[in-house]
Amino acid sequence: MAGPRPVGFDATGVREAYAAAGDDLVVLAEQVSADAWDDPALGDWTVRDLLGHTTRSFVTVTDYLVSGAGRTVELGHPFDYAAVFAMAHADPAAITERGRAAGRELGDAPVEEVRRRRDAALAAVAGHPDDAPVDTPAGVMRLADYLPTRVFELVVHGDDLARAIGVEPPADVAARTVATTFASGLAAEASGAWSVLRALTGRGGLAAGFTVL
């Protein structure tokens, strides 16, 4: 999109939403029964795979802050991260395998590993200012602009996980708001904007398989 976006995210609020969404994921992980880790969850992913993939919203924050140190920011808004979702559609097999690898990396104590990854990410966020550069696949972003994309992933995949294990998603209202605003923004800048607006206001439905990703 050319020019400044009319929609932004409050940096303090997003930090709080990220922490809340992380806590929600830990709560969900604690509800996975011992015999459910290999159950189907999303597409070709098992419950373990899905949870491992979702924890990348912790790992990438920690890692990308390290690799981004001293870099020049290239992207100016969370919506610029949409390019990464387009790349994922270009190579879905790679995303599937990365999720499986992330699931294996949870090890023999997956819940404890989820907690460890959350704690490390929250410590990294707390230790950096909002304008700290983050080296993402889309380009170098400010930490404050990258976090809404991570809240989105945590909330959406948290819902996927909750449905897979048959529990209610515990998503925090603030986290849901950030996730929904982010998704709506992606839709507003894409060709399906009118369909989404009409669906949200009861003026029509969405086509089967519609996605903003």
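## Salt bridges and packed helices

Reader: Which residues are linked with Arg5 in a network of salt bridges?
Author: A salt bridge here is a side-chain nitrogen of Lys or Arg within 4 Å of a carboxyl oxygen of Asp or Glu. Side chains of opposite charge can pair when their charged atoms come close. In this network Arg5 is joined by Asp80 and Glu189.

Reader: What kind of model is this?
Author: Residues are numbered from 1 along each chain as its sequence is written, and side-chain values use heavy atoms, with hydrogens and water left out. Local features need pLDDT of at least 70, side-chain atom pairs count only at pLDDT 80 or more, and totals for chains, interfaces and linings use all residues, because this is a predicted model.

Reader: How many salt bridges does the count come to?
Author: The same kind of N-to-O check that gives the pair Arg116 and Glu113 at 2.7 Å also gives Glu113 and Arg117 at 2.8 Å. By this rule the total is 14.

Reader: Which residue pairs with Asp130 in a salt bridge?
Author: Asp130 meets its partner's side chain at 2.8 Å, N to O. The pair links distant parts of the chain, 115 residues apart: Asp130 sits in the loop between helix H6 (110-126) and strand S3 (133-136), while the other residue is in helix H1. Helices (H or I, at least four residues) and strands (E, at least two) are DSSP runs, numbered from the N terminus. The partner in H1 is Arg15.

Reader: Is Asp130 buried, exposed or partly exposed?
Author: Buried means under 20% relative accessible area, exposed over 50%, and partly exposed in between (1.4 Å probe, protein chains only). Arg15 has 21%, so Arg15 is partly exposed. Asp130 has 27% relative accessibility, so Asp130 counts as partly exposed.

Reader: Is Glu113 buried or exposed?
Author: Glu113 lies in H6 with Arg116, 3 residues apart, about one turn of the helix, and also with Arg117, 4 residues apart, again about one turn. Arg116 has 47% relative accessibility and so counts as partly exposed. For Glu113 and Arg117, the verdict is shared. Glu113 has 16% relative accessibility, so Glu113 counts as buried.

Reader: How do H1 and H7 lie relative to each other?
Author: Two packed helices are described by the angle between their axes and the distance between the axes. Axes are lines fitted to C-alpha atoms, for helices over the stretch in contact, and angles run from 0 to 180 degrees between N-to-C directions. The axes of H1 (residues 11-30) and H7 (residues 143-165) come within 9 Å and cross at roughly 25°. Angles under 35 degrees count as roughly parallel, over 145 as roughly antiparallel, 65 to 115 as roughly perpendicular and the rest as oblique, so H1 and H7 are roughly parallel.

Reader: How many nonpolar residues are in the contact of H1 with H7?
Author: Contact means heavy atoms within 4.5 Å, and among the residues making this one are Val14, Tyr18 and Leu25 of H1 and Leu147, Val151 and Leu154 of H7. Ala, Val, Leu, Ile, Met, Phe, Trp, Tyr, Cys and Pro count as nonpolar, Asp, Glu, Lys and Arg as charged, and the others, Gly among them, as polar. Beside 2 polar and 2 charged residues, the nonpolar number is 17.

Reader: How do H2 and H3 lie relative to each other?
Author: H2 (residues 47-54) and H3 (residues 56-68) pack at an angle of about 30°, with their axes 5 Å apart. Gly52, His53 and Thr54 in H2 meet Arg56, Ser57 and Phe58 in H3. By class, that contact has 1 nonpolar, 4 polar and 1 charged residues. Given the angle, H2 and H3 are therefore roughly parallel.

Reader: How do H2 and H5 lie relative to each other?
Author: H2 and H5 (residues 92-104) pack at an angle of about 95°, with their axes 7 Å apart. That angle is why H2 and H5 are roughly perpendicular.

Reader: How many charged residues are in the contact of H2 with H5?
Author: Arg48, Asp49, Gly52 and His53 of H2 and Gly99, Arg100, Ala102, Gly103 and Arg104 of H5 make the contact. By class there are 1 nonpolar and 4 polar residues, and the charged ones number 4.

Reader: Which residues is Val212 in contact with, leaving aside its neighbours within four places in sequence?
Author: Val212 lies in the segment after helix H9 (193-200). Its C-alpha atom and that of Ser184, 28 residues apart along the chain, are separated by 8.1 Å. The contacts of Val212 are Ala183, Leu186 and Ala187.
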